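Subject: A structure for you to explore

Hi there,

Here is the structure I promised to pass on to you. Have a look around it first, and then read on for what I found.

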Amino acid sequence: MITLVDLYHVLTAVVPLYVAMVLAYGSVKWWKIFTPDQCSGINRFVALFAVPLLSFHFISSNNPYAMNYRFIAADTLQKLIVLFALFIWNKVSATASLEWSITLFSLSTLPNTLVMGIPLLKGMYGKDSGTLMVQIVVLQCIIWYTLMLFLFEYRGARMLISEQFPDTAGEIISFRVDSDILSLDGKDRLETDTEIGDDGKLHVKVRKSTSSRSEAYSRRSQNVTSLTPRPSNLTNAEIYSLQSSRNPTPRGSSFNHTDFYSMVNGKPTVGLSPRNSSFGNVNAGYDEEAGVPVVAASTGYPAPQSAGLGAKKKGGNGGEAGRDLHMFVWSSNASPVSDGGVFGGGNDQNGSKDMYAVYGQNEFSFQNKRGQQQCGGDAMVEKERDEPSLSKLGSNSTVELRPKVGADGELRNSSMPPASVMTRLILIMVWRKLIRNPNTYSSVIGLVWSLVSFRWGILMPAIIARSIAILSDAGLGMAMFSLGLFMALQPRIIACGNSVATFTMAVRFLTGPAVMAAASIAVGLRGVLLHIAIVQAALPQGIVPFVFAKEYNVHPKILSTGVIFGMLIALPITLVYYVLLGL
């Protein structure tokens, strides 16, 4: 029977976490103590030092030789049940998608165990329950978060292949990815160089586009905040400062296809005038007969034309449309509140951020049924397949004017390369992500040290232990403080709408605990262990899955709502579970 004293102990363990979160929220929202740039610095500290050292502290101090394998089996079985159900759903339902499968898996199986679970369960069921939570953290960091990365990179690879090789994907037998590409999350514009081998199969090399590299350089070297077009010191490039989309991937950016086609294939836009530039004759006009922009001889790429914000243009039917003319507008992923922080890829208080779009050579790519025509780029070289040497097909941009999507917005089904080829590509990208994540090192090193320490009774030197303890002790509070900053910088706490938020909370706090209860009973958990398993499954949404969702642009608003709103209602919900299970 749960007494008032038990409830007081739980509140004593958890309420301080909410105090840190509320103080951070008020510091930004009410008292204006921290600016977005200062919030970015705090988030970077939390992401690079506080949380990794907190993970290392818990994992290294846990005895891996005394793990409760039945409890671990219940947690693993819960996730396998959800994965199997989502697999069946994808096979039998026409409305299923990989994106929703990833999101539902995150919502139902990946709670905030490290920050919220350990102190909460310790307050409810004592110190031993904290040890069980550490075991769950080890599995999450090493297995389940890696699986999430695998699924996200698989989605990115599918999108890349569907866009670049809609009809010939099955002929690909190898991928080579440049070392400067860290992920297929869609943030960087990628190009593919395709070669045909003696066997008629395709060998693909993936690299960043020239304009993408120039754009990254311009963002680092420039500090331009106005919306006025200005020349750059880059050769053969024009740099603009534009309002970016909230969508962090090129494939889903706010690039207005209708406006672009009207500009390219129709008549010149009303009110548009040639841009004056310091690069020579880039004020090229528009070839009405050919239906394409005239390529400036001095630069080798289509001369961009400027338009004032709010300029009207004529549509294909001669009507007026009062919409802004957007060219390629890429979403900025380096907002002041999230660059490199725990909550990567967020937006500032206005929900948008100025950024710079580089228009250089190979910028425009026009594709027809027979081949490709590139303005300012290299001509496509065609060779017969029966030649003994590899034949270079050329380069394709991942940004297509006509993406291969259906009427429902989903990618059209197309053939994929062999499973071994896809697996190798995805493993390469996952490895590159993992080796740049400090949590990977903290988890692996912590696990290795615990194996050595508890096997041979070796104690960590006091100097090292104290150095780690100083920062790890701050990790829990700083993680909650960072969460409060993130909440304050969001325009809405419920970002995905009330109906979707209700569905999200139902999956998080009802479906997850229900599946965990079934899995725990199946493996034979009873009594307090069963209660701990159910309550930990009812914790709020984990932060790391939200970071992944934001990076890869897979329902980030849903996961954001799961983190923020879930944290607000998690305490009363877990207390209800605690009381009901204790009856």
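**Helix α4 and its surroundings**

Helix α4 is mostly covered, with 11 of its 12 residues buried. Before going further, please keep in mind that this is a predicted model.

Which residues of α4 are the buried ones? They are L98, E99, S101, I102, T103, L104, F105, S106, L107, S108 and T109. The cover over these buried residues includes α3 (69-92), α6 (127-164), α12 (498-523), α14 (543-552) and α15 (556-581).

You can also check the length of this helix yourself. Helix α4 runs over residues 98-109, and at 1.5 Å a residue its 12 residues should span 16 Å. The C-alpha atoms at its ends are 16 Å apart, so the expectation and the model agree.

One residue to click on here is E99, which lies in helix α4. Is E99 buried or exposed? Its relative accessibility is 17%, and because buried means under 20%, E99 counts as buried. E99 also shows how chain order and space can part ways: E99 and A549 are 450 residues apart in sequence, but their C-alpha atoms are 9.7 Å apart in space.

**How α3 meets α4**

Two packed helices are described by the angle between their axes and the distance between the axes. For α3 and α4, the axes come within 10 Å and cross at roughly 155 degrees. Angles over 145 degrees count as roughly antiparallel, so α3 is roughly antiparallel to α4. Their crossing is right-handed.

Which residues make this contact? From α3 there are Q78, K79, V82, L83, L86, W89 and N90, and they meet L98, W100, S101, L104, F105, S108 and T109 of α4. By type, the residues of this contact divide into 8 nonpolar, 5 polar and 1 charged.

As you look at such lists, a general point about helices may help. An α-helix has 3.6 residues a turn, so residues three or four places apart point the same way.

**A second pair: α1 and α11**

The axes of α1 and α11 come within 7 Å and cross at roughly 40 degrees. That angle makes α1 and α11 oblique to each other, and α1 passes α11 in a right-handed crossing. On the α1 side, the contact is made by L17, Y18, A20, M21, L23, A24, Y25, V28 and K29. On the α11 side, L476, G477, M480, F481, L483, G484, L485, M487 and A488 take part. The residues of this contact divide into 15 nonpolar, 2 polar and 1 charged.

**Two buried serines**

Try S472 next, which sits in helix α11 (residues 462-488). S472 is buried, with a relative accessible area of 2%. What does S472 touch, leaving out residues up to four places away in sequence? Its partners are L53, L54 and H57.

Then go to S520, in helix α12. At 0% relative accessibility, S520 counts as buried. Again leaving out residues up to four places away in sequence, S520 touches A74, L525, R526, L530 and A533.

**Two residues with a positive phi**

Most residues other than glycine have a negative phi. With that in mind, look at K32: it is not a glycine, yet it has a positive phi of about 55 degrees. K32 lies in the loop between α1 (4-29) and α2 (36-60). With 56% relative accessibility, K32 counts as exposed.

H555 is not a glycine either, and its phi is positive at about 50 degrees. Where does H555 lie? Its place is in the loop between α14 and α15. H555 is partly exposed, with a relative accessible area of 22%.

**Stepping back to the whole chain**

Finally, zoom out. How many helices and strands are there in the protein chain? There are 15 helices and 15 strands. Of its 583 residues, 50% count as buried. Among the contacts in the chain with a separation of 6 or more, 77% are between residues 24 or more positions apart. The pair of E99 and A549, 450 residues apart in sequence, is a good place to start when you want to follow the chain across such a gap.

Enjoy exploring!

Best wishes

Note on methods
Residues are numbered from 1 along each chain as its sequence is written. This is a predicted model: local features need pLDDT of at least 70, side-chain atom pairs count only at pLDDT 80 or more; totals for chains, interfaces and linings use all residues. Side-chain values use heavy atoms; hydrogens and water are left out. Helices (H or I, at least four residues) and strands (E, at least two) are DSSP runs, numbered from the N terminus. The expected span of a helix is 1.5 Å times one less than its number of residues. Buried means under 20% relative accessible area, exposed over 50%, partly exposed in between (1.4 Å probe, protein chains only). Contact means heavy atoms within 4.5 Å. Axes are lines fitted to C-alpha atoms, for helices over the stretch in contact, and angles run from 0 to 180 degrees between N-to-C directions. Angles under 35 degrees count as roughly parallel, over 145 as roughly antiparallel, 65 to 115 as roughly perpendicular and the rest as oblique. A crossing is left-handed if the near helix is turned anticlockwise from the far one by less than a right angle, and right-handed if clockwise. Ala, Val, Leu, Ile, Met, Phe, Trp, Tyr, Cys and Pro count as nonpolar, Asp, Glu, Lys and Arg as charged, and the others, Gly among them, as polar.
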